[in-house]
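Trainee: Could we go through this one together? I'd like to hear the reasoning behind each label.

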Amino acid sequence: MSSQGSKNKVGSVLVVGAGIGGMQASLDLANAGFKVYLVERDPAIGGVMSQLDKTFPTNDCAMCTLAPRMVECGSHINIEKLTYSEVESIEGEPGAFKVRVRKKARSVKADKCTGCGECMANCLVRNRAYVEPPEPEPLELTPDELGDVNRIVAEHEGEMGSVIPILQDINARYKWLPPGAVRRVSEALEMPLSRVLRIATFYNVFSLEPRGEHIIRVCMGTACHVKGGSRILESLERELDVRAGGTTGDRRFTLEAVRCLGCCGLAPVVTIDEDVYGRITQQKIVKALDKYPA
Ligand code: FES
């Protein structure tokens, strides 16, 4: 691998580490016309930031910062990603380096892998120990609810990665994920309950607590915060007599404070169910509540 200087924008560049810094450097170089070899010792790009929830000091969503760069890096024609690889040696001088990169064996066909994780669940090497399954707990679902959940599971039968769509449908039906329904999904998909719960608790859209008929989301992301999002939230808390994260006594509304609804140009933003209220004021949002019956 060699680099011939940036004067004529030719040659190639090696970037070691595909965290947020490495990805941004690669994108800048690739957009400037260089061929970039991006070396990452982990199996995927993203680095430590992909494990974070919020970033200091703005409390912005780490994934919102990272994901666009990961997508751009993943598809950029000038960036060749060498994941699960490490630099072994470097020789040469500025303008003419030779780098030896060791690629580790993945033991999967990278071009076919969708990252579903099923191979891990069924790995004969890792799962040699057999543990007696515990007695199933009663599902605490009425016959009608059990029928509903079974129907939803059946609708997604045979789909790859069906657990998320199934949980979405159950969440849409009940506005939350009743514990019995979660256990039924775990049984039906023969997936450990801990794994179903891990998915259910990862996404904000799922709730393990009963929720109101209508979900109000008040954006507290940076743009909305600057434009008075917290005052909107306070007026809704006063009007509904419930704190953010809570549900009104009549189960009509659940009030949530969320980070960035993805339409910062309309700040401050509130959504009620599927309706988006942009550039909203305290008076208008309180008035809008009348449109949502109990
Ligand atoms: S910060 Fe509110 S929509 Fe992005």
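Mentor: Sure, let's take the labels in turn, bearing in mind that this is a predicted model.

Trainee: Let's begin with the whole chain: what makes its radius of gyration worth a remark?

Mentor: Set it against the globule rule. A compact globule of 294 residues would have a radius of gyration near 19 Å, but this chain has 25 Å. Along its principal axes, the C-alpha trace spans about 75 × 55 × 30 Å.

Trainee: And how is the chain divided into domains?

Mentor: The domain assignment gives domain 1 (12-102), domain 2 (143-202) and domain 3 (214-291). The centres of domain 1 and domain 2 are 37 Å apart, taken over C-alpha atoms. In secondary structure, the chain has ten helices and eleven strands.

Trainee: How much of the chain counts as buried?

Mentor: 33% of the 294 residues. The exposed surface comes to about 18400 Å², with carbon and sulfur atoms supplying 53% of it.

Trainee: Pick a residue, then. Why is Thr55 called buried?

Mentor: The cut-off for buried is under 20% relative accessible area. Thr55 has 17% relative accessibility, so it counts as buried. Thr55 is part of strand β3 (residues 54-55). Leaving aside neighbours within four places in sequence, Thr55 is in contact with Met49, Asp60 and Ala62.

Trainee: What makes β1 and β5 edge strands?

Mentor: Look at the order first: three strands form an open sheet, β1-β2-β5, with parallel pairing. β1 (12-16) and β5 (79-82) each have a single partner strand, so one side of each is left without a neighbour in the sheet. On average, neighbouring strands here are turned by 20 degrees against each other, direction ignored.

Trainee: How do you know that β2 and β5 pair?

Mentor: Pairing needs at least two bridges. Strand β2 (residues 35-39) and β5 have four bridges, in the parallel sense, so they count as paired. As one position to look at, Val36 stands opposite Ile79 in β5.

Trainee: What packs on that sheet?

Mentor: Helix α1 (residues 20-31), which touches β1, β2 and β5. The direction of α1 makes about 165 degrees with that of β2.

Trainee: Where is the hairpin, and which residue in its turn has a positive phi?

Mentor: β6 and β7 form the hairpin, with two residues between them, and Gly95 in the turn has a positive phi of about 100 degrees. Eight bridges join β6 (residues 85-93) to β7 (residues 96-103), and the two strands run antiparallel. Among the facing residues, Glu91 has Lys98 in β7 as its bridge partner.

Trainee: There's a four-stranded sheet too. Why are β9 and β11 said to stand at its edges?

Mentor: That open sheet has the order β9-β8-β10-β11, with mixed pairing. β9 (253-258) and β11 (275-277) each have a single partner strand, so one side of each lacks a neighbour in the sheet. The twist averages 20 degrees from one strand to the next.

Trainee: How do you know that β8 and β10 count as a pair?

Mentor: By the rule of at least two bridges: three bridges join strand β8 (residues 214-219) to strand β10 (residues 270-272), so they qualify, and they run antiparallel. In β10, Val270 is the bridge partner of Val218.

Trainee: Which helix lies across this sheet's strands?

Mentor: Helix α9 (residues 229-240) lies across β8, β9 and β10, and runs at about 150 degrees to β8.

Key: Residues are numbered from 1 along each chain as its sequence is written. This is a predicted model: local features need pLDDT of at least 70, side-chain atom pairs count only at pLDDT 80 or more; totals for chains, interfaces and linings use all residues. Side-chain values use heavy atoms; hydrogens and water are left out. Buried means under 20% relative accessible area, exposed over 50%, partly exposed in between (1.4 Å probe, protein chains only). Contact means heavy atoms within 4.5 Å. Domain bounds come from an automatic or database domain assignment. Axes are lines fitted to C-alpha atoms, for helices over the stretch in contact, and angles run from 0 to 180 degrees between N-to-C directions. The radius of gyration is taken over C-alpha atoms; the globule rule is 2.2 Å times the number of residues to the power 0.38. Accessible areas come from the Shrake-Rupley method with a 1.4 Å probe; for residues, only the protein chains shown count as cover.
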